[in-house]
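Welcome! Take a moment to look over the sequence and turn the model around, and then we can walk through it together.

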Amino acid sequence: MGYCDECRDETRWLTVSQAAQLVQRSERTIYYWIERGFLHIRILPSGRGRRICERSLLQKPMEEDEEEHPSRL
Ligand SMILES: [Zn+2]
């Protein structure tokens with residue numbers, strides 16, 4: 001758990017793979033959402049790796065998602 005400045009509330013900070021599992025999307029989709037600025041992220045102090053705000057992930061409107069090359073069946 002931790003505090004998200006953007007949510008102004010407590011959230012869980014997930015790895016990309018945890019985030020992907022939570023919403024049943026590929027990790028690539030998660031990275032795509034990060035690039036688009038849909039998700040709140042926190043860079044680890046080491047500068048390697050990042051964590052994703054669970055609240056921003058769950059609040060994201062799933063209808064609008066979609067990566068450039070959907071691979072879902
Ligand atoms: Zn947040």
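A good place to begin is Trp13, which stands opposite Cys53 in strand 5. Keep in mind that you are looking at a predicted model. The facing residues bring us to two strands: strand 3 and strand 5, the latter spanning residues 50–53, pair in the antiparallel sense over two bridges. They belong to an open sheet of three strands, whose order is 3-5-4 and whose pairing is antiparallel. At the edges of this sheet sit strand 3 (13–14) and strand 4 (41–43), each of which pairs on one side only. As background, strands of a sheet pair through backbone hydrogen bonds, in either a parallel or an antiparallel way.

Now step back to see the whole chain. The protein chain holds three helices and five strands, and from the N terminus on these elements run β-β-β-α-α-β-β-α. Of its 73 residues, 18% are buried. Among contacts with a separation of 6 or more, 48% link residues that are 24 or more positions apart.

Thr11 gives a nice example of such a long reach. This residue lies in strand 2, which covers residues 9–11. Although Thr11 and Cys53 are 42 residues apart along the chain, their C-alpha atoms are separated by 6.2 Å. Is Thr11 buried or exposed? Thr11 has 21 other C-beta atoms within 10 Å, and the cut-off for burial is 20 or more, so Thr11 is buried. Leaving aside its neighbours within four places in sequence, Thr11 is in contact with Gly2, Cys4, Cys53, Glu54 and Arg55.

Next, move along to helix 2, residues 27–36. Which residues are buried in helix 2? They are Thr29, Ile30 and Trp33. Seen down the axis of helix 2, these buried residues fall within an arc of 100°, so they line one face of the helix. What covers them includes helix 1 (16–23) and strand 5, the strand where we found Cys53 opposite Trp13. Just after helix 2, Gly37 takes a positive phi of about 80°.

Finally, a word on confidence. The average pLDDT of the protein chain is 86, and 82% of the residues score at least 70. Among the elements, strand 2 has the highest mean pLDDT, at 97, and helix 2 the lowest, at 92. Where pLDDT is low, the predicted coordinates should not be read in detail.

Note on methods. Residues numbered from 1 in each chain as written. Predicted model: local features only at pLDDT ≥ 70, side-chain atom pairs only at ≥ 80, totals over all residues. Helix = DSSP H or I, 4+ residues; strand = E, 2+ residues; numbered from the N terminus. Buried ≥ 20, exposed ≤ 12 C-beta atoms within 10 Å, placed from the backbone. Contact = placed C-beta atoms within 7 Å. Pairing = 2+ DSSP bridges. pLDDT = per-residue confidence, 0-100. Arc of directions from axis to C-beta.
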